[in-house]
Number of protein chains: 6
Amino acid sequence: MSKHKSHRIGQLAILLAVSEEPGIVEASILSSDYQSCIGRVGSMESNKIVAAIETAAKKNGFIREGVYREAHALYHAIIEALHGVTRGQVQLGSFQRTVGLRFAIVRGKPYKEEAEGEWIAVALYGTIGAPIKGQEHETIGLGINHI
Amino acid sequence: MSKHKSHRIGQLAILLAVSEEPGIVEASILSSDYQSCIGRVGSMESNKIVAAIETAAKKNGFIREGVYREAHALYHAIIEALHGVTRGQVQLGSFQRTVGLRFAIVRGKPYKEEAEGEWIAVALYGTIGAPIKGQEHETIGLGINHI
Amino acid sequence: MSKHKSHRIGQLAILLAVSEEPGIVEASILSSDYQSCIGRVGSMESNKIVAAIETAAKKNGFIREGVYREAHALYHAIIEALHGVTRGQVQLGSFQRTVGLRFAIVRGKPYKEEAEGEWIAVALYGTIGAPIKGQEHETIGLGINHI
Amino acid sequence: MSKHKSHRIGQLAILLAVSEEPGIVEASILSSDYQSCIGRVGSMESNKIVAAIETAAKKNGFIREGVYREAHALYHAIIEALHGVTRGQVQLGSFQRTVGLRFAIVRGKPYKEEAEGEWIAVALYGTIGAPIKGQEHETIGLGINHI
Amino acid sequence: MSKHKSHRIGQLAILLAVSEEPGIVEASILSSDYQSCIGRVGSMESNKIVAAIETAAKKNGFIREGVYREAHALYHAIIEALHGVTRGQVQLGSFQRTVGLRFAIVRGKPYKEEAEGEWIAVALYGTIGAPIKGQEHETIGLGINHI
Amino acid sequence: MSKHKSHRIGQLAILLAVSEEPGIVEASILSSDYQSCIGRVGSMESNKIVAAIETAAKKNGFIREGVYREAHALYHAIIEALHGVTRGQVQLGSFQRTVGLRFAIVRGKPYKEEAEGEWIAVALYGTIGAPIKGQEHETIGLGINHI
Ligand SMILES: [Mg+2]
Ligand SMILES: [Mg+2]
Ligand SMILES: [Mg+2]
Ligand SMILES: [Mg+2]
Ligand SMILES: [Mg+2]
Ligand SMILES: [Mg+2]
């Protein structure tokens with residue numbers, strides 16, 4: 001029997017990315033069947049954001065090295081999350097703006113039915129704004145995919 | 001002197017929308033200078049999402065009735081939040097999908113400098129998916145604007 | 001020899017749509033080889049904007065009835081103009097907003113070289129905003145296509 | 001050992017949707033391990049396109065009834081295919097245009113490595129244009145997802 | 001009492017950007033309460049367009065140096081204007097195209113009600129096309145925001 | 001009298017781009033009044049895709065050198081085709097992905113009515129994915145324009 005309710009995977013990813021004390025959230029993940037990791041990335045180049053999250057996912061064993069199926073699932077989750085961060089055109093430097101993000105990746109079984117299998121959630125939270133200190137506001141994005 | 005750090009306004013909005021016990025978050029808002037309200041809306045029509053948030057904002061006195069400037073600030077914050085929810089085309093029914101969202105609106109002064117004035121944050125959190133029970137996953141969006 | 005400089009066709013369309021006294025602009029069009037017409041349309045449905053401009057173009061003989069090639073050229077010019085009006089997602093009612101527009105269509109030869117042939121410009125100017133009187137600001141769009 | 005080369009799944013879907021004699025293509029599918037079905041749908045409402053393809057997929061046993069994971073994989077493949085059909089904003093009626101499409105769904109293992117598992121391809125081919133007979137041109141779209 | 005009608009701010013920005021004799025338009029601005037400036041920028045990089053307009057706005061005292069609130073208002077007005085210029089994806093060099101633009105910034109109170117306060121309009125007008133002389137057509141964009 | 005049915009131009013372009021033996025398709029083009037060419041391009045930069053197709057079109061005499069009208073028709077067909085390839089944001093390298101494409105350009109008269117004149121179709125087919133060998137899936141795009 002599942003220890004957690006349906007579709008909490010995104011919530012955990014969001015809280016990990018947003019919380020100043022992710023330790024509390026991580027504890028609730030430890031008591032669940034989810035795997036998670038967090039990281040930070042700042043850039044004016046969106047491809048660097050994608051690469052940083054992919055690297056963290058591989059390093060932490062969230063996606064199997066060399067299995068495109070899993071890289072594909074993660075990739076689309078990242079791109080969906082970037083849509084929330086950018087709110088329109090997924091452009092950073094070409095829009096004269098930069099981001100400083102904390103990201104969280106959570107993988108596990110969010111649905112009670114065994115047939116639903118594993119899913120992956122990518123949450124991004126941080127600031128977006130001009131490449132001038134302080135000229136920025138918060139932003140968030142979440143992408144979820146079956147894996 | 002400000003009681004809170006820069007740009008926490010989005011974080012509070014997110015936590016209000018995401019938390020299962022928003023009471024804890026609301027307490028931390030009460031101790032700050034922010035105003036906030038939460039609500040729920042579910043629809044296949046994106047205009048109903050917009051209207052529900054606008055109505056809540058007006059009813060709670062977050063934007064002054066009849067002042068377009070404030071309605072304009074809120075409107076763009078809502079639309080930006082919807083981009084995170086929909087991740088691409090801001091379409092629900094025409095994409096054969098529906099959302100069930102909790103929303104939070106937070107208004108206040110997120111920056112230490114007095115000249116930065118008031119800002120508004122709109123966070124949306126919930127599920128998006130097929131109009132079939134259970135066939136949905138989580139989604140989030142955040143829009144922030146000066147008001 | 002051409003009586004007008006290159007690519008003035010858009011400028012004329014814009015001035016016809018924007019000017020409070022389009023008569024002055026029309027005079028300058030009469031002295032050129034351009035054909036033009038103006039009209040008005042207000043709606044929360046983008047398809048009604050498209051249809052109104054198409055109807056005006058046909059009624060004024062700007063595009064030949066039954067010739068898809070010309071309808072296709074006009075159609076893409078209209079859609080491009082709508083992008084300027086909506087600035088992101090080309091949505092009106094589903095975004096809880098409405099437009100009141102004056103439109104101008106100009107057809108003619110904007111380039112000196114005979115091989116460049118005829119082009120069509122569609123300019124839209126007016127207001128966009130909430131379906132509440134006064135809660136709106138100005139907007140413009142221009143689409144240009146070879147025909 | 002696999003009987004087919006890597007990533008031919010999309011090619012088969014395209015040929016099924018485009019060919020005037022899909023029988024020839026179907027023969028080559030029969031000799032492979034792929035499953036496929038074709039159908040037709042015409043509409044000014046994009047949600048009807050989505051629903052028609054989902055219904056065909058369920059009826060033909062391409063996705064397991066009640067398994068969201070599979071519906072989710074198919075859904076995103078359909079939406080991606082619609083981007084190719086609409087080339088910008090995924091809008092039909094609100095853009096005063098309609099489509100008449102043949103669609104093909106192919107499911108199977110396009111990669112040699114067993115770990116890559118099953119994928120699904122959705123191809124759409126037909127015409128898009130004004131709701132006036134003959135005022136239309138061809139269009140295509142392809143969406144591919146792991147399932 | 002206001003000397004000008006509601007929402008003329010965009011019209012003035014457009015006329016300043018479009019007119020060959022902006023002097024006439026500037027006279028009508030002088031007799032109003034609006035502030036305005038014009039400039040030119042040509043580039044294949046959209047961030048250079050953004051930066052050029054931001055620099056002009058700061059140099060002319062249209063936005064207060066170091067006040068993010070004002071930079072934020074201007075930024076979103078610029079991005080909205082770029083949507084009109086690019087009509088779809090806000091991309092220049094990556095789409096193998098370049099722009100040559102005249103821009104106008106107008107700041108002031110476009111509404112009769114004092115509570116509406118100040119707004120900013122950014123108009124862009126010029127040519128867009130291949131990086132080959134003469135292979136271009138006109139384009140326009142307008143962004144308006146409360147400031 | 002026309003030797004071919006209405007709007008087959010896209011179908012021919014698709015088959016030329018997709019087929020492993022384009023010779024068969026080319027034969028059917030030879031027996032028609034269409035002109036066609038095929039080429040290959042792979043890149044992480046979308047502008048290189050645009051440039052490669054434009055160069056092939058010029059070299060093969062599909063568009064008249066120095067005639068903007070024809071370059072404009074081709075350009076918009078290419079951009080429309082890229083929408084199908086990228087399915088959302090028309091971005092490659094900035095999305096940490098690359099494409100390997102075969103392209104086909106077909107020019108001719110797809111409609112029976114003489115007034116419909118010439119049209120151009122651009123089809124792109126190949127793979128899109130991570131810049132890692134094998135981590136890619138198929139993609140297609142088609143753009144059609146009057147010329
Ligand atoms: Mg999804
Ligand atoms: Mg902002
Ligand atoms: Mg053009
Ligand atoms: Mg993919
Ligand atoms: Mg606005
Ligand atoms: Mg078309």
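In this short talk I will go through two metal sites, the relation between two of the chains, one interface and one helix. Please keep in mind throughout that what we have in front of us is a predicted model.

Let me begin with the metal sites, and with the magnesium ion that is ligand 1. Its coordination comes from B:His137, D:His72 and D:His76, each through the NE2 atom, at 2.2 Å. If you look for these residues in the structure, you will find B:His137 in strand E4 of chain B, residues 136-146, and D:His76 in helix H4 of chain D, residues 68-86, so this pair joins two chains. Both B:His137 and D:His76 are buried.

Now please turn to ligand 4, which is also a magnesium ion, and where the protein donors are the NE2 atoms of A:His72, A:His76 and F:His137, lying 2.2 Å from the ion. Here A:His72 belongs to helix H4 of chain A, residues 68-86, while F:His137 belongs to strand E4 of chain F, residues 136-146, and the pair therefore joins two chains. As for accessibility, A:His72 is buried, and F:His137 is buried as well.

The next point is how chain A relates to chain B. In general, two copies of a chain are related by a rotation about an axis together with a shift along it. In this model, chain A is superposed on chain B by a rotation of 180°, with 0.0 Å of shift along the axis and an RMSD of 0.0 Å, which means that the relation is that of a two-fold axis. Which residue of chain A comes closest to the rotation axis? That is A:Gly84, whose C-alpha lies at 1.7 Å from the axis. Turning to the interface residues of chain A, 100% of them are also interface residues in chain B, so the copies meet through the same surface.

Let me move on to chains D and C, where 13 residues of chain D are in contact with 19 residues of chain C. Between them these two chains bury about 1,100 Å², with 48% of that area on carbon and sulfur atoms. On the side of chain D, 47% of the area buried against chain C is supplied by D:Phe95, D:Gln96 and D:Gln135, more than by any other three residues. Between chain D and chain C there are 8 residue pairs in polar contact, whereas the count of salt bridges is 0.

Finally, consider helix H1 of chain C, residues 9-18, where 10 of the 10 residues are buried, so that the helix is largely enclosed by the rest of the structure. Among these buried residues are C:Ile9, C:Gln11, C:Leu12 and C:Val18.

Methods
Residues are numbered from 1 along each chain as its sequence is written. Chains are lettered from A and ligands numbered from 1 in the order in which they are written. This is a predicted model: local features need pLDDT of at least 70, side-chain atom pairs count only at pLDDT 80 or more; totals for chains, interfaces and linings use all residues. Side-chain values use heavy atoms; hydrogens and water are left out. Donors are N, O and S atoms within 2.8 Å of the metal (3.2 Å for Na, K and Ca); water is not among the atoms, so sites may look incomplete. Helices (H or I, at least four residues) and strands (E, at least two) are DSSP runs, numbered from the N terminus. Buried means under 20% relative accessible area, exposed over 50%, partly exposed in between (1.4 Å probe, protein chains only). Copies are superposed by least squares on the C-alpha atoms of residues with pLDDT of at least 70 in both. Contact means heavy atoms within 4.5 Å. Buried area is the accessible area (1.4 Å probe) that two parts lose on being put together, summed over both. A salt bridge is a side-chain nitrogen of Lys or Arg within 4 Å of a carboxyl oxygen of Asp or Glu. A polar contact is a pair of N or O atoms within 3.5 Å; within protein, one must be able to donate a hydrogen and the other to accept it, and residues adjacent in sequence count only if both atoms are side-chain atoms.
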